[in-house]
Amino acid sequence: MERRKALKNIGLSLGSLTMSSAVVTLIQSCTQEKKVSWNPVFFSLDEADIVSKTLEVMIPKTPDVPGATDLNLAQFIDGYLDVISREKEKTAFKAGVGQYLSTTLEKFGKNVSTDLTEGDIEKRVAHYFKADAENKKKWNMEVVASKKEGAQLPSDDAFNFFVLNSLRNRGIEAFKVSKIIGEEVLAYDPIPGAQKGCVDLQEVSGGRAWSL
């Protein structure tokens, strides 16, 4: 019943990251070095595993840019939820990830998250993010409608689509303020000089956006 109540309120509780000096410090502490393994403080081991795998599919490593695993984005989100999020948000996110985990295991006939392959997660993410516009609209409407008093719970697909969107948004926000991305991927000048207008971005920064 408690999980059902949390899922019922999920659309009201999962917002974007609240950026503050504490959050930036948390992000930077998680991305200073690549860790082989880590112990989640908010998620269960199974939940942490599927969150890590899903973020890596969403934000993969390329030859020039580190991915979610390299930046420890799952570790950051775990810490953010444990230390900074409000109780209502914690409950909703926990329930949402739990729902995504259980339905994904059932979909592929697996018992634990560590049995899920990268291919399994890729198929799962593609099912939602490559769905046609009509299905995405339907899922969004289900979540919105569920907020009304006495309304039914959204379908599993609607829940998962909402949770994956929230997870992706949080991952991207953390990615953009990562110290590694700011100093090694974006154009970075710790002591900026005079402002120059109407200059060729390719010439001054190699076409890269500036780190703020």
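Start at Met58: setting aside its neighbours within four places in sequence, Met58 is in contact (heavy atoms within 4.5 Å) with Phe129, Leu164 and Arg168. This is a predicted model, where local features need pLDDT of at least 70 and side-chain atom pairs count only at pLDDT 80 or more, while totals for chains, interfaces and linings use all residues. Residues are numbered from 1 along each chain as its sequence is written, and side-chain values use heavy atoms, with hydrogens and water left out.

Met58 belongs to helix H4; helices here are DSSP runs (H or I, at least four residues; strands are E, at least two), numbered from the N terminus. With a relative accessible area of 18%, Met58 counts as buried, since buried means under 20%, exposed over 50% and partly exposed in between, using a 1.4 Å probe and protein chains only. Follow Met58 across the fold and you get to Ile172, 114 residues apart in sequence but 9.1 Å apart in space, C-alpha to C-alpha.

Two of the contacts of Met58, Phe129 and Arg168, also have something going on with each other. The charged end of Arg168 sits over the ring of Phe129, 4.0 Å from its centre; to qualify, NZ of Lys or CZ of Arg has to be within 6 Å of the ring centre and within 35 degrees of the ring normal. Phe129 is also part of one aromatic cluster, together with Tyr128, Trp139 and Phe161.

Now step back for the overall layout. The protein chain has 11 helices and zero strands, so the run of elements from the N terminus on reads α-α-α-α-α-α-α-α-α-α-α. Buried residues make up 42% of the 212 residues. Among contacts with a separation of 6 or more, 71% are between residues 24 or more positions apart. One such long-range approach, this time given by C-alpha atoms, is that of Val163 and Gly96: they are 67 residues apart along the chain and separated by 5.9 Å. Val163 lies in helix H9 (residues 156-176) and is buried, at 2% relative accessibility.

Back to the rings. Rings of Phe, Tyr and Trp (its six-membered ring) pair if their centres lie within 6.5 Å, and planes under 30 degrees apart count as stacked, over 60 as edge-to-face and the rest as tilted. By that rule there are six aromatic pairs. One of them is Phe43 with Phe93, a tilted pair at 6.3 Å centre to centre with 55° between the planes. Phe43 is in the loop between helix H3 (21-31) and helix H4 (45-58), while Phe93 is in helix H6 (residues 87-108), so the pair ties together parts that are 50 residues apart in sequence. Both rings belong to buried residues: Phe43 has 4% relative accessibility and Phe93 has 2%.

Helix H6 comes up again with the charges. A salt bridge is a side-chain nitrogen of Lys or Arg within 4 Å of a carboxyl oxygen of Asp or Glu, and the whole structure has six. Lys94 makes one with Glu47, the closest N and O atoms being 2.8 Å apart. That pair links distant parts of the chain, with Lys94 in helix H6 and Glu47 in helix H4, 47 residues apart. Lys94 is partly exposed at 29%, whereas Glu47 is buried at 9%. The charged end of Lys94 also sits over the ring of Phe42, 5.4 Å from its centre.

Which residue does Glu87 form a salt bridge with? The partner is Lys90, with the closest N and O atoms 3.4 Å apart. Being three residues apart in helix H6, the two are separated by about one helical turn. Glu87 is exposed at 56%, but Lys90 is buried at 15%. Leaving aside neighbours within four places in sequence, Lys90 is in contact with Phe42, Leu81, Asp82 and Ser85.

A further salt bridge joins Lys110 and Asp120, the closest N and O atoms being 2.7 Å apart. Lys110 lies in the loop between H6 and helix H7 (118-129) and Asp120 in helix H7, so the pair ties together parts that are 10 residues apart in sequence. Lys110 is partly exposed at 26%, and Asp120 is buried at 9%.
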